[in-house]
Amino acid sequence: MNETTATLTAAVIAASVAAVGLAWSVVSFFITRHAQRSDSARQEWARRYEQALAQALSTDAREAAAGLLLIEKLSKAEWATDEDRATAASVLTALSPASGEETAHLRATIIDDISDRAVADQLRNVSAGPRARFEIYQDRAGSYRWRLKAGNGEILAVSEGHSSKEGALRSIDMVRRTLGSTD
């Protein structure tokens, strides 16, 4: 092999390596971009789902109906996980049986969409109706608070003020996890 052929072979190899590197960079860019968009979409979906759950628990009938409609739509979205559907079904279980057939039908539909059959079966066997219910409201100072009401309407607990509905929802979640613990 003469010097010209060796140089040409080295140049072809270097160009091939550079082309593979460039192709990998382009593919990596699109993979990363897709992952970022998916993460952003999931976060936005989660924010909307949290708002829908808060609306469904509202004492205002129209707001609660809108929350139920949003839960139905969001539970069918591609970003909804089995855990999200189980949460929605649990919330719907806690609503009063008087909240209507629509709520019961929505709950059954959401449970049917859960891919983990054991979880779905467990949720089907939970009797509907509130043992107690969290309500979020805004106090006179503009802070968001929650109160825990027993099935008979008695107020069992009231939270401190939170600057946002999301803060009140996080507080409810913390109380639920604490009350649900075996300690």
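**Exercise 1. Determine what share of the protein chain is buried, and describe its overall form.**

Step 1. Buried residues make up 27% of the 183 residues in the protein chain; buried means under 20% relative accessible area, exposed over 50%, and partly exposed in between, with a 1.4 Å probe and protein chains only. This is a predicted model, in which local features need pLDDT of at least 70 and side-chain atom pairs count only at pLDDT 80 or more, while totals for chains, interfaces and linings use all residues. Residues are numbered from 1 along each chain as its sequence is written, and side-chain values use heavy atoms, with hydrogens and water left out.

Step 2. The chain holds 6 helices and 3 strands, where helices (H or I, at least four residues) and strands (E, at least two) are DSSP runs numbered from the N terminus. Their order from the N terminus is α-α-α-α-α-β-β-β-α.

Step 3. The radius of gyration is 26 Å, well over the 16 Å that the globule rule gives for 183 residues, so the chain is more spread out than a compact globule. This radius is taken over C-alpha atoms, and the rule is 2.2 Å times the number of residues to the power 0.38. Along its principal axes the C-alpha trace spans about 95 × 40 × 40 Å.

**Exercise 2. Identify the elements that build the largest nonpolar core.**

Step 1. A nonpolar core is a set of buried Ala, Val, Leu, Ile, Met, Phe, Trp, Tyr and Cys residues joined through side-chain atoms within 4.5 Å. The largest one has 15 residues, and Y49, I71 and I110 have the most contacts inside it.

Step 2. Two or more residues come from each of helix 1, helix 2 (61-75), helix 3 (82-94) and helix 4 (101-112). Helix 1 gives the most, with 5 residues.

Step 3. Leaving aside neighbours within four places in sequence, I110 is in contact (heavy atoms within 4.5 Å) with I71, S75, R85, A88, A89 and L92. Another core, of 6 residues, lies apart from the largest one; A89, I111, A120 and L123 are among its members.

**Exercise 3. State which parts of the chain the salt bridges D113–K76 and R124–D112 tie together.**

Step 1. A salt bridge is a side-chain nitrogen of Lys or Arg within 4 Å of a carboxyl oxygen of Asp or Glu. By this rule the count is 11.

Step 2. D113 and K76 meet at 3.4 Å, N to O. D113 lies in the loop between helix 4 and helix 5 (117-124) and K76 in the loop between helix 2 and helix 3, so the pair ties together parts that are 37 residues apart in sequence.

Step 3. For R124 and D112, the closest N and O atoms are 2.8 Å apart. R124 belongs to helix 5 and D112 to helix 4, so this pair ties together parts that are 12 residues apart in sequence.

**Exercise 4. Classify E135 and R140 as buried or exposed, and locate each.**

Step 1. E135 is found in strand 1 and is buried, with a relative accessible area of 6%. Beyond neighbours within four places in sequence, E135 is in contact with T59, R145, W146, R147 and K149.

Step 2. R140 lies in the loop between strand 1 (132-138) and strand 2 (144-150). At 91% relative accessibility, R140 counts as exposed.
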